[in-house]
Amino acid sequence: MKNSALIIFATILFSNTISAQLKPVKYADGTQVLNGLSIIAAKKSSQNPGILLLPAWLGIDNASKQIAENLSKLGYTVFIADIYGEGNYPKNTTEAGKLSGYYKTNVADYHKRINLALQELIKSGANADNIVAIGYCFGGTGVLEAARAHLNVKGVASFHGGLGKDAARAVEPITAKVLVCHGADDPYESKEEITAFQQEMRDSKADWQMIYYANAVHSFTNPEAGNDNSKGAAYNPVAAKRSFDHLLLFLNEVLKK
């Protein structure tokens, strides 16, 4: 009987350690219902590090889910944000372009949606003072906006994200550490935008780094982006692995575990 109890306890303990799963979370911006996903860290930590994940312009996708699951196994509690909200999910890239364009222009609304997701991450168990925001494509733009808006994150990591902002907006000090992972052949970011972004980082006195990946275009982290670089967006497994490794170095530097 005693041995059976020990076996049951070990089974429960083991399952709690390795079988954390993404769970749907309903939250709201006023009357707008939002549908995020949460996954707790597979390994318990007194520091409870958290990661807010902002997905690409089509919304929560398989790539963001896989990244969240991988990060959970490494000891991070992750929340995937829903920026658009129920009833507003794009059916194609044309709709995604219009929706993401709205938030890029109306940055206060974007900041609010990001911050609402950040609060859900904290509710799920992450330490409010031990969080990094990461984002892909449109979400990469979002995490840079989180840094510009002084949201309570220790760092932000942008993967093939849009770097530009309205030149009329004031440049303010940025305290969050910044990592930008960028495809060296990404056709969607002009040299002028890249130069302006780097100057913004200097002017804001940010602790920033920007890493370029050879033979990589837009969406290089997404296995569903195809493999034809001539289309401007394609998966590059070498760049994807290198950028994930760079993310882990960044997380180890910025977050307490």
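User: Where is the place of N236 in the fold?
Analyst: This is a predicted model, where local features need pLDDT of at least 70, side-chain atom pairs count only at pLDDT 80 or more, and totals for chains, interfaces and linings use all residues. Residues are numbered from 1 along each chain as its sequence is written, and side-chain values use heavy atoms, without hydrogens and water. Helices (H or I, at least four residues) and strands (E, at least two) are DSSP runs, numbered from the N terminus. N236 sits in the loop between β8 (208-213) and α7 (237-254).

User: Is N236 buried or exposed?
Analyst: Buried means under 20% relative accessible area, exposed over 50%, partly exposed in between (1.4 Å probe, protein chains only). N236 has a relative accessible area of 12%, so N236 is buried.

User: Which parts does the salt bridge of K26 with E86 tie together?
Analyst: A salt bridge puts a side-chain nitrogen of Lys or Arg within 4 Å of a carboxyl oxygen of Asp or Glu. The closest N and O atoms of K26 and E86 are 3.0 Å apart. The pair ties together parts 60 residues apart in sequence: strand β1 (residues 23-29) and the loop between β4 (77-80) and α3 (93-105).

User: Which residues join E145 and R148 in one network?
Analyst: The side chains of E145 and R148 meet in a salt bridge at 3.0 Å, N to O. Both residues are buried. Salt bridges with shared partners link this pair into one network with R169 and E200.
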